[in-house]
Amino acid sequence: PLARLPEEWAKEVVRLGGRTFHGKQVFRWLMARGVFEPAQMTDLPKDLRRALAEGGVEPVLTVLPGTRAADRTRKLLVRLRDGATVETVLIPGVSGERRLGRGVQDETESDDADAAAAVDDEDDDEDQGDENPQGKSYLRVTQCISTQVGCAMGCVFCASGVAGLKRNLGPDEIVAQVLAGKAELDDDERLRNIVYMGMGEPLHNYASTVRSLRLLTHADGLAISPRRITVSTSGLVPEIAKLGADFAGQIGLAISLHAADDETRSRLMPINKKYPLAALIEGLRAYPLPRRRRITIEYTLVSGKNDAPLEATKLAKLLRGLPVKVNLIPMNPIEASTLGPPAGARTLEFQRVLLDAGYSVFIRRRRGDDVAAACGQLALLGAKPKVRVDRG
Ligand code: SAH
Ligand code: SF4
């Protein structure tokens with residue numbers, strides 16, 4: 001049921017004996033208020049509530065006991081109807097107080113949350129004066145969501161890639177992660193950004209991804225601004241073009257680049273053999289990005305593979321003229337591989353080259369890695385949280 005848009009609910013409720021406008025109300029209960037029990041949908045006629053309940057609004061997923069990192073990052077392990085599990089991560093960022101202004105962020109470390117660093121914050125001032133009942137600013141939370149169980153792309157540094165693709169998630173399963181995440185928020189927190197950076201390649205599950213975007217952004221539901229949503233992709237060129245066209249460039253785009261030449265990139269990311277760098281860069285140039293917005297370039301630094309200063313020089317050249325900011329991510333170790341991050345000094349050296357070439361470059365702080373919630377560490381089936389906390 002979570003996959004339905006209001007107009008589709010309208011048809012459904014009419015079929016069940018209700019009126020067209022009840023469709024919008026059901027959608028609002030589910031998506032804006034997080035109420036799934038038809039009996040509690042108090043503005044619907046009793047008969048309709050009963051009919052809806054008989055149809056059965058089965059839960060899309062169950063949240064297993066979560067894990068909370070020292071930095072308040074927490075990972076929700078979510079069990080789907082067929083028993084498969086995926087993870088979604090809540091990452092509190094800086095508070096709603098005025099942040100370092102645009103362009104003057106700390107150059108060595110983004111003050112933003114892990115994945116949140118990928119999100120454009122050019123309209124960050126919107127929330128000024130937005131206070132919670134205690135008169136304090138809300139803590140802004142970025143949620144990282146999954147789109148597949150595993151991933152078919154096979155990137156060598158990624159736990160999901162090493163595992164392979166088990167199945168696609170449906171739009172309802174993607175949206176349900178957000179509703180579950182919202183229900184987990186503390187009183188002083190507010191859901192601010194959504195990043196499609198969990199398990200899976202969102203553009204390899206294009207139909208579900210697009211429908212989930214329509215559901216999350218719909219004005220009658222959660223009404224999340226498309227600009228606060230970022231889809232991260234390993235570079236599926238035709239789907240990047242489709243996404244640009246389907247949402248007029250409004251959805252934020254993050255590209256996992258990880259190398260500046262085809263040989264290196266193909267070694268790290270097999271998808272590069274299908275869509276080599278020239279095609280990808282051309283695709284990025286064609287993306288209908290609104291003015292003043294930038295594409296996020298993600299570059300996972302893998303020791304001895306793509307972290308030489310010369311490669312930073314190549315990267316600077318490759319990206320010339322594109323509206324981008326660069327996020328450097330020192331590789332988080334994964335069990336299945338001996339690959340690892342470079343020494344800190346090498347990361348800084350890599351960054352220095354790009355800064356000198358005039359780029360905005362952030363080094364993504366490790367968040368939540370004590371609960372294996374950092375990029376690329378999201379585990380697969382049956383993963384056991386290391387720490388259990390009581391929820392609620
Ligand atoms: N499939 C999409 C989105 C999920 S991955 C994509 O690849 O873009 C989110 C980001 O985490 C990607 O940039 C990915 O390359 C990066 N990543 C994967 N494994 C990692 C690891 N072990 N350490 C650091 N970053 C990793
Ligand atoms: Fe898939 Fe992204 Fe991991 Fe590559 S980095 S295997 S595309 S999830």
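**Local geometry, ring contacts and ligand surroundings**

Arg292 lies in the loop that runs between helix H10 (277–286) and strand E10, and in this predicted model the phi angle of Arg292 is near 70°, a positive value in a residue other than glycine. The relative accessibility of Arg292 is 54%, and because this value is over 50%, the residue counts as exposed. A second positive phi in a residue other than glycine is found at Ala223, where the angle is near 55°. Ala223 is placed in the loop between helix H6 (206–217) and strand E8, and its relative accessible area of 42% makes Ala223 partly exposed. As background to these two loop positions, most residues other than glycine have a negative phi.

A search for aromatic pairs over the whole structure returned one pair. The partners are Tyr299 and Phe350, whose ring centres are 4.9 Å apart and whose planes form an angle of 40°, so that the pair is classed as tilted, the term used for angles that are neither under 30 degrees nor over 60. The pair joins distant parts of the chain, since Tyr299 belongs to strand E10 (residues 295–301) and Phe350 to helix H12 (residues 344–356), with the two positions 51 residues apart in sequence. Both Tyr299 and Phe350 are buried. Helix H12 also contains Leu348, which, in contrast to the buried Phe350, is partly exposed at a relative accessible area of 41%. Leu348 and Ile363, although 15 residues apart in sequence, have C-alpha atoms separated by 8.4 Å in space.

Two further rings are met by a charged side chain. Arg4 is positioned over the face of Trp9, at a distance of 4.5 Å from the ring centre, while the charged end of Lys242 sits over the ring of Tyr206, 5.0 Å from the centre of that ring.

The surroundings of ligand 1 comprise 21 residues, of which the closest are Phe157, Ser232, Ser256, His258 and Asn332. By residue class, this shell divides into nine nonpolar, ten polar and two charged residues. Polar atoms of the ligand are approached by side chains as well as by backbone: an oxygen atom of ligand 1 lies 2.6 Å from an N or O atom in the side chain of Ser256, a polar side-chain atom of Glu201 is found 3.4 Å from a nitrogen atom of the ligand, and a nitrogen atom of ligand 1 is 2.9 Å from a polar backbone atom of Asn332. On its own, ligand 1 has 530 Å² of accessible area, and the protein covers 96% of this area. The elements that contribute two or more residues to the shell are strand E8 (229–233) and strand E10; strand E10 is also the element that carries Tyr299 of the aromatic pair.

Around ligand 2, the shell consists of Cys151, Met153, Gly154, Cys155, Cys158, Gly161, Gly200, Glu201 and Ser234, and these residues divide into four nonpolar, four polar and one charged. Glu201, which makes the contact with a nitrogen atom of ligand 1 described above, is thus also among the residues that surround ligand 2.

Two other glutamates, both placed in helices, lie in contrasting settings. Glu173 is located in helix H5 (residues 171–184), and because its relative accessibility of 5% is under 20%, this residue counts as buried. The side chain of Glu173 makes a polar contact with the side chain of Arg167 at 3.0 Å, and a polar atom of the Glu173 side chain also lies 2.8 Å from the backbone nitrogen of Gly170. Glu263, by contrast, belongs to helix H8 (residues 262–268) and counts as exposed, its relative accessibility being 59%. The side chain of Glu263 likewise makes a polar contact with an arginine side chain, that of Arg267, at 3.0 Å. Glu263 and Lys273 are ten residues apart along the chain, and their C-alpha atoms are separated by 9.1 Å.

Technical notes: Residues are numbered from 1 along each chain as its sequence is written. Chains are lettered from A and ligands numbered from 1 in the order in which they are written. This is a predicted model: local features need pLDDT of at least 70, side-chain atom pairs count only at pLDDT 80 or more; totals for chains, interfaces and linings use all residues. Side-chain values use heavy atoms; hydrogens and water are left out. Rings of Phe, Tyr and Trp (its six-membered ring) pair if their centres lie within 6.5 Å; planes under 30 degrees apart count as stacked, over 60 as edge-to-face and the rest as tilted. Helices (H or I, at least four residues) and strands (E, at least two) are DSSP runs, numbered from the N terminus. Buried means under 20% relative accessible area, exposed over 50%, partly exposed in between (1.4 Å probe, protein chains only). A charge sits over a ring if NZ of Lys or CZ of Arg is within 6 Å of the ring centre and within 35 degrees of the ring normal. A residue is near a molecule or strand if one of its heavy atoms lies within 4 Å of it. A polar contact is a pair of N or O atoms within 3.5 Å; within protein, one must be able to donate a hydrogen and the other to accept it, and residues adjacent in sequence count only if both atoms are side-chain atoms. Accessible areas come from the Shrake-Rupley method with a 1.4 Å probe; for residues, only the protein chains shown count as cover. Ala, Val, Leu, Ile, Met, Phe, Trp, Tyr, Cys and Pro count as nonpolar, Asp, Glu, Lys and Arg as charged, and the others, Gly among them, as polar.
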